[in-house]
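I opened the file to see what sits around the ligand. My notes follow in the order I looked things up.

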Amino acid sequence: MTDATAPKLIDGRELAQAVRDEVRAAINDWTDEGHRPPFLSAVLVGDNAASEAYVRGKEKDAAEVGIDTNTHHLDADTSQSALLDLVHNLNADPSVDGLLVQLPLPDHIDEQTVIDAVDPSKDVDGFHPENLGRLLRGTPRYIPATPYGIMEMLSRSNVDTEGMDAVVVGRSNIVGKPLANLLLRRTANATVTVCHSRTRDLAAHTRRADLLVAAAGQAAFIDGDMVTEGAVVIDVGINRVEDASTERGYRLVGDVDFDDVRPKAARITPVPGGVGLMTRAMLLKNTLQAARLRAEGS
Ligand code: NAD
């Protein structure tokens, strides 16, 4: 159910700021109790411009809320075993609460092996199989930041997902699959359909959606014809499209054709200024959670 009086735009900037303010207040209480500030260690391999920008954003957000960070920047030709050695050292380092390895990794490194090597109690991305299993079972330790952020955006915007037909476009391990699980939980109670690149008639599914989440990585490919009147539309996609009028030569767009879909949607998230900012904010929440878990000795 959607609240007809609520503003149409779900503003990621405002909501993410609210989350950061809450995390900062909780960290102040935490340090007032005599604990050291939470510590997040990030590992970045190579010089993927988008990954570097993501890590810089995470460092900036962390500093704002009182989380200490350290980024290990390794050369693109770093061997898998050297990367695993670093991960094992950070796993064993008691000063490190949260640990993440920025994806994607260079082709010669097997991402799954690296994800599996992260200590699940420090795995603030929530990608380790133990944490994904806990999520599936309904007893999560860390919820991956993007689906976690989407659930927060919905609840903070008073979107009641109970009984909704939710259609998630995209079945990745970091967005589509965990989000589908969160929407299925008894706390959300949506009826969930997950679509993907082999879905036969995508529009037939998306048109049925009360809640449509686009996470396919295809620029502006959900248009107004694919959306029913009054739907809540969450755009996860971050796609670069060429734009000679900008200084960088490109601009960022979502998976949703915003101008076409906005008139029909009851609520909609923009790109930029939507899910991406909430994703960053939820990582901070997970890092505080990591510090608490470490203090409890679990
Ligand atoms: P991915 O490439 O791992 O998965 C994409 C999924 O979309 C696949 O399951 C594929 O089957 C499906 N898909 C692709 N084309 C499709 C089509 N035409 N019709 C239906 N399904 C299709 O991607 P991902 O890592 O889940 O990321 C998806 C998008 O979300 C990307 O644009 C990525 O940059 C963005 N992203 C944003 C955030 C954020 O914080 N906002 C976080 C993670 C990813």
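I started with the shell around the ligand, where a residue is near if one of its heavy atoms lies within 4 Å. I counted 22 residues there, and the closest are Arg171, Ser172, Ser197, Val236 and Thr279. The model is predicted, so local features need pLDDT of at least 70 and side-chain atom pairs count only at pLDDT 80 or more, while totals for chains, interfaces and linings use all residues. Residues are numbered from 1 along each chain as its sequence is written, and side-chain values use heavy atoms, with hydrogens and water left out.

I sorted the shell by type and found ten nonpolar, eleven polar and one charged residue. In this sorting Ala, Val, Leu, Ile, Met, Phe, Trp, Tyr, Cys and Pro are nonpolar, Asp, Glu, Lys and Arg are charged, and the others, Gly among them, are polar.

Which helix gives the most to the shell? I found that helix H10 (residues 275–296) does, with three residues. Helices are DSSP runs (H or I, at least four residues), numbered from the N terminus, and strands are runs of E with at least two.

Next I looked up N or O pairs within 3.5 Å. A polar backbone atom of Arg171 is 2.8 Å from an oxygen atom of the ligand. For Ser197, a polar backbone atom is 2.9 Å from a ligand oxygen. Gln218 has a polar side-chain atom 3.3 Å from a ligand nitrogen. The ligand alone exposes 850 Å², of which the protein buries 72% (Shrake-Rupley method, 1.4 Å probe).

Last, I checked the domains, whose bounds come from an automatic or database assignment. Domain 1 covers 34–119 and domain 2 covers 144–276. Their centres, taken over C-alpha atoms, are 28 Å apart.

Technical notes:
Polar contact = N/O pair within 3.5 Å; in protein donor to acceptor, adjacent residues only side chain to side chain.
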